[in-house]
Amino acid sequence: LAIKDMAGLLKPESAKMLVSAIRAEHFDLPIHVHTHDTAGTGVASMLAAAAAGADAVDAATDAMSGLTSQPSLGALVASTAGTDLDTGISLEEVSALNEYWEECRGLYAPFESGQKSGSADVYIHEMPGGQYTNLLYQSSQLGLTGQWSSVKKAYATANRLLGDIIKVTPSSKVTGDLAQFIVANNLTEQEVIEKADTLSFPKSVIEYFQGYLGIPPFGFPEALRSKVLKGQVIEGTDMSCFEGRPGADMPPMDLQLTKEMLDEKWGKRSEGKGNEEIRDVDVMSYAMYPAVFDEYMDHVREFGKLNYVDTRTFLTGMKVGQELNVTLEPGKQLIVKLISVGEPNADGLVNVQFELNGQPRMCHIKDKSVGGETQSRPKAMKDVLGSVGAPMPGVVLETKVAKGDSVKAGDGLVVLSAMKMETVVSSPVDGVVNKVIVTAGDQIDAGDLVVEVEEKE
């Protein structure tokens, strides 16, 4: 039996009570406990679970432990040494292995979330450890820097609004998306309920209420659900929501046909530079995350495979005068030396001179930080319902309407994306589209005017 404490809510005494009760009823059942150390009680909780009869607990090497990760392996090994719970693991060997991970973590330091200490308020907001640092970074990218405490409080609010659900991927993402939406739009819990039929909720929230994740054990909060789904239908059907498990009525996925399609698009059968062997794992990646897989294959097609480059060079680039040995296969090695990096020209192109196996080469690289004027966009008028603004900052993926189109309240106008969170901006009123301000690819801020709808009288 696996006890998965994904938010680190299992306190030492609770761990003792839970494991003891299970062990009393099932004396020969293997019990495995998993937790996160967000509040700083992970080691104590795992020791309590072990003393109560757990057979295995999860831990992380010291350099990667603590905070929202698992409790320290070294601490557990040292704490149980010489007792009935002795792990039989040498602390010296654990420490030697940890030295490698200390160096490795340093390479990825620029990608750290910035979290400095544990936080016991996890017992209030119940945010899973695997989501905590991701949401912290996403919030800063969405312009919510300095409002992390508000996001955490809004997470608890979002959980209540959704029906106090079990929060683990993907339901935790729904909760996080709603929390950021609440903070970005400066909404209270009561305002979300009252204005739900006119708000443009994130796509994940709408799909949750449509039953895409199934039916939560305690049911949906119907008062909010009916408002959120007003005017919404599941694509390809006339239903507003699923009645049971959404996959029950779906046809089986044809994995072989999908593989052939990917081979034609990205593999050796594709036109252009496609020469990749499409593997079964690629098919599964595409099945679960089609957009992410296509983005990755686009990158591979443009730059080739970069797994030959060491981590430090991949993350930070080469310095002038640096020489790099790249082994493509046994006996086939490239020696690359960076000679000079020029200044960007008027088009933002930089001349890069280097040597490849002693032969001088030059290429032109686009400096993406150069050029591009900042566009000032009009803001939506808050007191005018037909003046529709962006609920959050992001990139416009699609415009669903054109000038002159008739729309009903709830109809989608524009699709936005920010940090893997899609939002369909819907019309708050019945009317006619008077003006479409944005186009696909535009970067916009919260409150920017996207569409004007002339309300029907």
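Which side chain meets that of arginine 377 in a salt bridge? The partner is aspartate 442, at 3.3 Å from N to O. This pair, in a predicted model, is taken up in Figure 2.

**Figure 1. Overview of the predicted protein chain.** The chain has 457 residues, of which 37% are buried. Its secondary structure comes to 15 helices and 15 strands. Along the principal axes, the C-alpha atoms fill a box of roughly 80 × 70 × 50 Å. The count of salt bridges comes to 13; three of the pairs appear in the close-ups below, namely arginine 377 with aspartate 442, glutamate 422 with lysine 203, and arginine 225 with glutamate 222.

**Figure 2. The salt bridge between arginine 377 and aspartate 442.** The two side chains meet at 3.3 Å, N to O. The pair links distant parts of the chain, 65 residues apart. Arginine 377 is in the loop between β7 (359–366) and β8 (387–389), while aspartate 442 is in the loop between β13 (431–436) and β14 (443–444). Both arginine 377 and aspartate 442 are buried.

**Figure 3. The salt bridge between glutamate 422 and lysine 203.** The side chains of these residues meet at 3.6 Å, N to O. Glutamate 422 lies in strand β12 (residues 421–426) and lysine 203 in helix α10 (residues 203–209), so the salt bridge ties together parts that are 219 residues apart in sequence. Glutamate 422 has a relative accessibility of 29% and counts as partly exposed. Lysine 203 is also partly exposed, with a relative accessible area of 34%.

**Figure 4. The salt bridge between arginine 225 and glutamate 222 within helix α11.** Here the side chains meet at 3.2 Å, N to O. Both residues lie in helix α11 (residues 222–228), three residues apart, which is about one turn of the helix. Is arginine 225 buried or exposed? Arginine 225 is buried, at a relative accessible area of 10%. Glutamate 222 counts as partly exposed at 46% relative accessibility.

**Figure 5. The negative surface patch and the neighbouring positions 98 and 99 of helix α4.** Asp62, Glu99, Glu102 and Glu103 form the patch. Glutamate 99 lies in helix α4 (residues 91–107) and is exposed, because its relative accessible area of 52% is over the 50% cut-off. Asparagine 98 lies in helix α4 too, but is buried, because its relative accessible area of 7% is under the 20% cut-off. The side chain of asparagine 98 makes a polar contact of 3.1 Å with the side chain of threonine 61.

**Figure 6. The nonpolar surface patch that includes methionine 284.** The patch is formed by Met253, Leu255, Met284, Met288, Tyr289 and Val292. Together these residues have about 610 Å² of accessible area. Methionine 284 is found in helix α13 (residues 280–288). With a relative accessible area of 40%, methionine 284 is partly exposed.

**Figure 7. Glycine 211 and serine 285.** Glycine 211 is found in the loop between α10 and α11. Its relative accessible area is 0%, and glycine 211 is buried. Serine 285 is 74 residues from glycine 211 in sequence. In space, the two residues are 23 Å apart, C-alpha to C-alpha.

**Figure 8. The loop between α7 and α8, with a cis peptide bond and a positive phi.** Proline 170 lies in the loop between α7 (148–162) and α8 (171–184). The peptide bond from threonine 169 to proline 170 is cis, with omega near 5 degrees. Aspartate 164 has its place in the loop between α7 and α8 as well. Phi of aspartate 164 is positive, near 50 degrees, in a residue other than glycine. At 45% relative accessibility, aspartate 164 counts as partly exposed.

**Figure 9. The positive phi of glutamate 126.** Glutamate 126 is found in the loop between α5 (122–125) and α6 (129–141). Although glutamate 126 is not a glycine, its phi is positive, at about 60 degrees. Glutamate 126 counts as partly exposed, with 26% relative accessibility.

Key. Residues are numbered from 1 along each chain as its sequence is written. Side-chain values use heavy atoms; hydrogens and water are left out. Patches are made of residues with over 30% relative accessible area and no salt bridge: like charges are joined within 9 Å, nonpolar side chains (Val, Leu, Ile, Met, Phe, Trp, Tyr) within 5 Å. Accessible areas come from the Shrake-Rupley method with a 1.4 Å probe; for residues, only the protein chains shown count as cover. A salt bridge is a side-chain nitrogen of Lys or Arg within 4 Å of a carboxyl oxygen of Asp or Glu. Lys and Arg count as positive and Asp and Glu as negative; His and the chain ends are not counted. The place of a charge is taken as NZ of Lys, CZ of Arg, CG of Asp or CD of Glu. Helices (H or I, at least four residues) and strands (E, at least two) are DSSP runs, numbered from the N terminus. Buried means under 20% relative accessible area, exposed over 50%, partly exposed in between (1.4 Å probe, protein chains only). A polar contact is a pair of N or O atoms within 3.5 Å; within protein, one must be able to donate a hydrogen and the other to accept it, and residues adjacent in sequence count only if both atoms are side-chain atoms.
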